[in-house]
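Here are a few exercises on salt bridges and strand pairing, each with a worked solution. Grab the structure and follow along.

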Amino acid sequence: MSTEFTEWLRGRSDDQLRALVAVRPELITPVPAHLEGLAGRASSPSAIGRVLDRLDLFTLSVIETLVVLPAPIAYRTLRAQMGRALRGSADAAFQGALQETVDRLRTLALVYGPDKALAPAPGVREVLEAPAGLGPPAAEVFRHHPAERLAELIQDAGGDGDTKEALAELLGDPEIVGRLIEEVSPQARSALNELVWGPASGRVPNARREVRAATAQSPIEQLLSRALLGATGEETVVLPREVGLFLRGGRVHQDLSPLPPALDGTVRDRGLAGRTAAGQAFAFTRAVEELCERWSVDPPGVLRSGGLAVRDLKRAAVLLDLPEWAAGLVIEVAHAAGLVAASGAVDGDWLPTPAYDSWRVKGTEDRWTVLATTWLTMDRVPGVIGERDERDRLLNALHPDLRRSAAAEVRTTTLGMLAVAGPEVAPTLESVRGRLAWEQPRRRGGHRDQLVEFTLREAEQIGVTGLGAIVGHGCALLPGGDRTTSAGQLLAPLLPEPLDHVLLQADLTAVAPGPLTSDLRRWLALAADVESTGGATVYRFDERSIRRALDAGQSADEMLAMLERHSATPVPQPLGYLVTDVARRHGRMRVGTASAYVRCDDPSLLDEVMADKRALPLRLRRLAPTVIASKTSRPTLVDSLRAMGYAPAAESLDGDVIITQLDVRRTDGQPLVRPPATFSGLEADVVAAAVRAVRAGDAAHQARRAPVDAPDGQVPRSPATATIVALREAIRQGSQVWIGYLDSQGNATSRILEPARMEGGYLTAYDETRAAVHRFALHRITGIADIN
C-alpha cells in the first residue's frame with residue numbers, strides 16, 4: 001500500500017501536487033528531497049492527525065467509512081453504504097456533496113486511487129483508532145489470545161482452526177454472528193446494545209476468565225465465550241468491529257447529513273445591534289483607560305504567584321462599576337496589550353507602561369481596535385478567573401496559569417460561526433456549540449464548550465457583537481475578511497461625539513451629559529470623584545478631591561479657569577468658595593524627611609497639632625517653634641495630618657513643594673503587543689518552486705535508488721525514508737523484516753524483527769535473532785529488506 005501510495009503521488013500532475021501542498025503547507029516545511037519523502041511525511045501520524053482535525057463531520061464520516069470497509073472499494077459502493085445512514089433519501093444534495101468530498105480528500109492525500117478503487121492513505125487507519133465509534137477488527141482484538149483459547153472460541157462458534165484469522169472469518173459471516181446472538185440471554189443482548197454506537201469498550205471484573213459457551217453463566221461470560229466480546233485487559237472488554245457492524249445493520253454511521261446544522265437564534269435589527277456594540281466598545285475602551293489612570297496613582301501589588309489579589313480585583317470592579325468577571329476581562333486585555341505590567345517579580349506593583357501613554361492619545365476607534373484585536377489573538381482566558389487548578393489553587397487575575405493554547409483559535413472560529421449566521425441573527429449558545437461540533441468533530445470536549453461560552457460573553461462586553469449578533473466592525477477583525485475598510489473605520493461613525501463641557505451644579509457636582517474628551521475627563525478624574533454613571537456621569541467635588549488636584553500642581557486660579565472654560569453654566573458660588581478655601585489652607589504646613597518633619601510659619605498651628613491626642617501614634621517632637629519632627633515616613637505623616645483635618649503639603653529636601661502627577665508612575669513593560677500575522681497560505685510562486693524541487697529531487701533519487709532486497713551476505717541498506725515507510729507497512733501487516741543495525745560501537749549487524757510500534761525516534765520490535773523484545777534507535781537502522 002505504501003508503494004502504491006507513493007506511485008499514486010508520483011502520477012499526480014504538477015497542478016494537483018501544488019493543490020496538495022497549498023492546503024497542507026507543513027508537507028514542504030522543509031521541502032522534502034523527493035516524492036518518497038513527501039509520501040512519508042504525508043502519511044506520518046502527526047501530519048494526518050493535523051489534517052483530520054480540520055475536517056467537518058460529513059467529510060470525516062466519508063474517510064471513516066473508507067477505513068471500515070475493505071479497501072479498495074468502488075465509489076458506487078461507498079455511495080450506497082453512506083446512503084443507508086442518511087436522515088432522508090439519497091437526494092441530489094448528497095450526491096454532489098459526496099463527490100466533492102471524495103475529490104477534496106484526494107486533494108488532501110487522505111484518500112488515493114480512482115473512483116473504481118478508492119483506499120485510505122497509509123497511516124489513516126492507525127490514527128483513526130475507533131472510526132465511527134466502532135471497535136478494532138476481530139483479528140486485532142484476539143491477536144494476543146493463545147492458540148488453545150482461539151480453538152475453543154472457534155469450536156464454540158461452529159468452526160475449525162486455532163488462529164485469529166480463522167476466528168475473524170467466522171465473525172465476518174452475518175449468519176454465524178446472528179446465530180451466536182440468538183443463543184445468549186436478553187440481558188446479554190442488552191449489554192451488547194449499549195456498546196453498538198460507541199464507545200465500543202467497557203469495564204467488567206474478571207474479563208480474562210476463560211469460560212466455554214456450554215458453562216457460561218453471567219451475560220458477560222456468555223458474550224466472551226462466543227467471541228461476541230473480546231477481553232483486552234484484566235477488566236476491559238471490547239466489541240469486535242465485525243459484531244458491531246452486524247448489530248448496526250451493516251451501517252457504519254447511525255445517521256448522516258451533508259449539510260451543517262442551522263444556527264438558530266433571535267433576529268435583531270442591524271442598526272440597533274451596531275449602535276449597541278459601539279456603545280459597548282466605547283465603554284470598554286473607557287474602562288481600560290480609567291483602570292490605567294487609577295493604577296498610575298494607586299497601583300495594586302503583585303502577588304508572589306505573579307497574579308492580582310482578589311481584593312484588588314474587587315476594588316477594580318467597584319471602580320469600573322462592572323461585575324468581577326468583566327473587570328477581570330478589562331485587566332487581562334490591558335495586560336495582554338502591553339498597557340500594564342508588573343514593576344518587579346518581588347514586592348512589585350501593577351503599573352501602566354510607556355505604551356499606555358502612546359495608546360491613550362489615539363482616537364477611540366483606534367484604541368478599541370488595539371484592544372479587540374488583542375483579545376481575539378491572546379492565549380489568556382479571563383473567564384477562568386476565580387476557578388481552581390488541578391492542585392486546588394485559586395486562579396487570580398493576571399495569574400501565569402490563565403493561558404490556554406486553544407483560546408485564540410476557539411474565539412476566531414466562534415466569531416466565524418456568528419458571521420455565517422449573518423449580522424441580523426443572534427445565535428443561541430447551544431446552536432453555536434452544535435455547529436462547531438459539526439465543523440470540527442475531532443476537537444469536541446467540555447473545555448472547548450467552556451471557551452465558546454466565554455467567547456460569546458466577552459465579545460458582547462468588548463463590543464464585537466451587539467445584542468448577540470456580530471456587527472460590521474466585529475467582522476472586520478476576523479482573518480480572511482474584506483480588508484478595504486478597517487474595523488476602526490467602521491466603528492468611528494457609530495461612536496458618540498465627545499463633549500468638552502459639563503453642567504456645574506450648586507450641590508458641588510458636575511454632570512457630564514455624554515462622553516467627554518480625554519483631557520477633560522482626566523482633569524475631572526483628578527479634581528473630583530465619580531458619584532454615579534449611566535446615561536450621564538456625575539462627578540462630586542469635595543475637599544479631598546480639590547486637595548488632590550492641588551497636590552498635582554494645580555493652583556486655585558487654574559482650577560477656576562478650567563471650570564469656567566468647560567462649564568455650560570456659571571461656576572456656582574459654593575464650588576468657587578470650596579476651591580479658594582482649600583487652596584488658602586493648602587501648604588501652610590510643610591512635611592519633609594526626618595524620618596519626617598512638619599514645618600509651619602504659624603507656631604500656634606503646631607501647638608494645636610502637639611496638643612491633639614490623635615497625634616500620639618505619630619511620635620512627634622518639637623525641634624523649634626516652627627518645626628516638629630516625627631519618626632514616621634513622610635507619606636504616613638501627610639495622610640495622618642490630613643485625617644486630623646489639616647492640609648499639609650509635602651516638600652523636598654530643598655524645601656520645594658512636591659508635585660504629584662498622574663502619569664509619572666510607569667514601569668518598563670513589554671512594548672504594545674502586535675497580534676501575530678494570520679497565516680493566509682503559501683504564495684503561489686513558493687508552492688510552484690517547492691513542487692519543481694520535489695520533482696527534480698525525485699528524478700535524481702529514482703536514478704540512484706538502491707534495491708529493496710539486499711544481496712546475500714550483506715547488511716541491508718536503503719534510504720532513510722524508504723526504511724521508515726517499509727517499517728510502518730510491516731507494523732500494519734504484522735510481518736517480519738530484515739534490517740541492518742549499527743550497535744553502540746558502530747559495528748554493522750543484521751536482525752530479523754517483527755515490528756510492533758514506532759514512536760519517539762525508536763522502533764519497538766520482537767527480535768527473532770535474540771528471542772526478546774528490544775527498542776532500536778531509528779537513526780542506527782542502515783536499511784531494510786524483505787525476508788524471502
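**Exercise 1.** Work out whether Glu-439 is buried, partly exposed or exposed, and find out how the side chains of Glu-439 and Arg-435 meet.

*Solution.* Keep in mind that we're working with a predicted model.

Step 1: Glu-439 has a relative accessible area of 23%. Buried means under 20% and exposed means over 50%, so Glu-439 counts as partly exposed.

Step 2: do the same for Arg-435. Its relative accessible area is 10%, so Arg-435 is buried.

Step 3: look at the side chains. Glu-439 and Arg-435 form a salt bridge, at 3.3 Å from N to O.

Step 4: check the spacing. Both residues sit in helix 22 (residues 429-439), and because they are 4 residues apart there, about one helical turn separates them.

**Exercise 2.** Take the pair Arg-547 and Glu-543 and say which of the two is buried and which is partly exposed. Then find the network that Glu-543 and Arg-547 belong to.

*Solution.* Step 1: start with the contact itself. The side chains of Arg-547 and Glu-543 make a salt bridge, 3.5 Å from N to O.

Step 2: place them. Helix 27 covers residues 543-551, and the two residues are 4 apart in that helix, so they are separated by about one helical turn.

Step 3: get the exposure. Arg-547 comes out at 9% relative accessible area, so this residue is buried. Glu-543 has 31%, so this one is partly exposed.

Step 4: widen the view. Glu-543 and Arg-547 are linked with Asp-581, Arg-584 and Arg-585 in a network of salt bridges.

**Exercise 3.** Are Glu-26 and Arg-24 buried or exposed, and how far apart are their closest N and O atoms?

*Solution.* Step 1: the closest N and O atoms lie 3.8 Å apart. The cut-off for a salt bridge is within 4 Å, so Glu-26 and Arg-24 qualify as one.

Step 2: both Glu-26 and Arg-24 are buried.

Step 3: for context, the whole structure holds 37 salt bridges.

**Exercise 4.** Work out which strands stand at the edges of the sheet ordered 12-13-15-14.

*Solution.* Step 1: read the order. These 4 strands make an open sheet with antiparallel pairing.

Step 2: go to the ends. Strand 12 (503-505) and strand 14 each have a single partner strand, so one side of each lacks a neighbour in the sheet. From one strand to the next, the twist averages 30 degrees.

Step 3: walk along strand 15. Strand 13 (residues 509-512) pairs with strand 15 (residues 537-540) over 4 antiparallel bridges. Here Val-511 faces Val-538, and Thr-509 is opposite Arg-540.

Step 4: try the other neighbour. Strand 14 (residues 529-532) runs antiparallel to strand 15 and is joined to it by 3 bridges, with Val-530 opposite Tyr-539.

**Exercise 5.** Which strands are the edge strands of the sheet with the order 3-5-4?

*Solution.* Step 1: this open sheet has 3 strands, paired in the antiparallel sense. Its edge strands are strand 3 (201-203) and strand 4 (230-231), each pairing on one side only.

Step 2: look at one pairing. Strand 3 and strand 5 (residues 236-238) are antiparallel and share 3 bridges.

Step 3: pick out a residue pair. Arg-203 stands opposite Thr-236 of strand 5.

Terms used. Residues are numbered from 1 along each chain as its sequence is written. This is a predicted model: local features need pLDDT of at least 70, side-chain atom pairs count only at pLDDT 80 or more; totals for chains, interfaces and linings use all residues. Side-chain values use heavy atoms; hydrogens and water are left out. Two strands pair if DSSP finds at least two bridges between them. Axes are lines fitted to C-alpha atoms, for helices over the stretch in contact, and angles run from 0 to 180 degrees between N-to-C directions. Buried means under 20% relative accessible area, exposed over 50%, partly exposed in between (1.4 Å probe, protein chains only).
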